[in-house]
Amino acid sequence: MRALVRLWELIIERFHLKEFLEHPVPRYANLNPLYWIGDVAAMSFFVLAITGFALALLYMPGLSLTKTPPDPLLLGHHGKEVYDATQSYSSVYKITYLTPLGFILRQIHLWSAYMMVFAVFAHFFTKLILGSYKRRGGGALWLLGVSLGFLTISQTVLGYILPLHLEGILAIQIGLNLFRYFDYFGIPVGQLVLSALGSLFVTDQVIKMIYVLHILVVPAIMLVLLGLKINGILYGGVSPPPIRDEELRRKAMEEKEPFYPHRFALTVGQLLLQLSVILLLVAMTPLPLLEPWVPGQQVPAGVRPPW
């Protein structure tokens, strides 16, 4: 037991965690739920990172065709025995239905992604209402937050494409066409994308590039920006309380308490509640694996991504 205590003390000393755990947090930020939404987005990111790492070990991107049964959750397709599906789609099917706990793992990943997108938008409008960008140093944090929001949406679309179902293919076609339209305005975005991907159409190379962007490049950028944002909050403080009276606002900002145990306990409780909600959504409303796309197949009329 003493060895564990000594190890914990050594970790705190080496990584300078003592200053972090004792960092003063305004009491109003611990009591007002408007100041908790950013934590939901951040914790969703780490849940996605853990589940995404496990999924990445099993997922195989590719356009080679294989026979795959239809998803039992997909209504209206129970009569079909097998589909012609790409290697990407088939690997997602195997993860979901032929791998132990694969179904739960994928569903947690999906619902965490939806929760993160919702939290990012809610956090954006909350900070807009609180006027966080108006305070000194708030502009830089605001730009970091907007950048993280853009990367979150990009990451969501990239992940939506990877199973190579019909709606995902429509999403990538829309994205590639948008890049090409920039060329008409003299901005060589289409040429840059063509140079990076090797094609403006769906090929093996394009899918593998999207896979690398989704599991490595974009998350790494997001992690760096998230670290900068947290560091900015630690040294610049959180947004002022939504109080009009200047005297009451000043008193509220002066009333502080250490991160540990107050905010730490709140964060742990919030994480447990968040995981409980995700597991409840997984149990009550599992998301199906949509109809597969075959290379050369035209997307039928009426197929539209949810966004």
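Tyr181 is found in helix α8 of this predicted model. At 47% relative accessibility, this tyrosine counts as partly exposed, because it falls between the 20% and 50% limits. Tyr181 belongs to a nonpolar patch on the surface, together with Ile174, Leu178, Phe179, Phe182, Tyr184, Phe185 and Ile187. The accessible area of these residues together is about 880 Å².

The chain as a whole exposes about 18200 Å², of which carbon and sulfur atoms supply 70%. Of its 307 residues, 38% are buried. Its secondary structure comprises 12 helices and four strands. Among contacts with a separation of 6 or more, 76% are between residues 24 or more positions apart.

Helix α8 (166-181) also contributes to the interior, as it is one of the helices that supply at least two residues each to the largest nonpolar core. That core has 48 residues. The other helices contributing at least two residues are α4 (37-58), α5 (87-97), α6 (102-130), α7 (138-161), α10 (204-236) and α12 (259-284). Within the core, the residues with the most contacts are Tyr59, Ile172, Val202, Ile210 and Met222. Leaving aside residues up to four places away in sequence, Met222 touches Phe45, Met116, Leu148, Leu151 and Thr152. Apart from the largest core lies another, of nine residues, including Val25, Tyr28, Leu130 and Phe259.

Charged side chains add another set of links. Side chains of opposite charge can pair when their charged atoms come close. The structure holds four salt bridges. One of them joins Arg263 to Asp39, with the closest N and O atoms 2.8 Å apart. Arg263 lies in helix α12 and Asp39 in helix α4, so this pair ties together parts that are 224 residues apart in sequence. Arg263 has a relative accessible area of 8% and is therefore buried, the limit being under 20%.

Helix α11 (residues 246-254) holds salt bridges between residues that are about one helical turn apart. Arg250 meets Glu247 at 2.5 Å, N to O, and the two are three residues apart in the helix. Arg250 also meets Glu254, at 2.8 Å, four residues away. Through these shared partners, Glu247, Arg250 and Glu254 are joined into one network. Its members vary in accessibility: Arg250 is partly exposed at 39%, Glu247 is partly exposed at 38%, and Glu254 is exposed at 53%.

Key
Residues numbered from 1 in each chain as written. Predicted model: local features only at pLDDT ≥ 70, side-chain atom pairs only at ≥ 80, totals over all residues. Heavy atoms only, no water. Core = buried A, V, L, I, M, F, W, Y, C linked by side-chain atoms within 4.5 Å. Buried < 20%, exposed > 50% of the residue type's maximum accessible area, 1.4 Å probe, protein only. Contact = heavy atoms within 4.5 Å. Patch = residues over 30% accessible without salt bridge, like charges linked within 9 Å, V, L, I, M, F, W, Y side chains within 5 Å. Areas by Shrake-Rupley, 256 points an atom, 1.4 Å probe, with all protein chains shown as cover. Salt bridge = Lys/Arg side-chain N within 4 Å of Asp/Glu carboxyl O.
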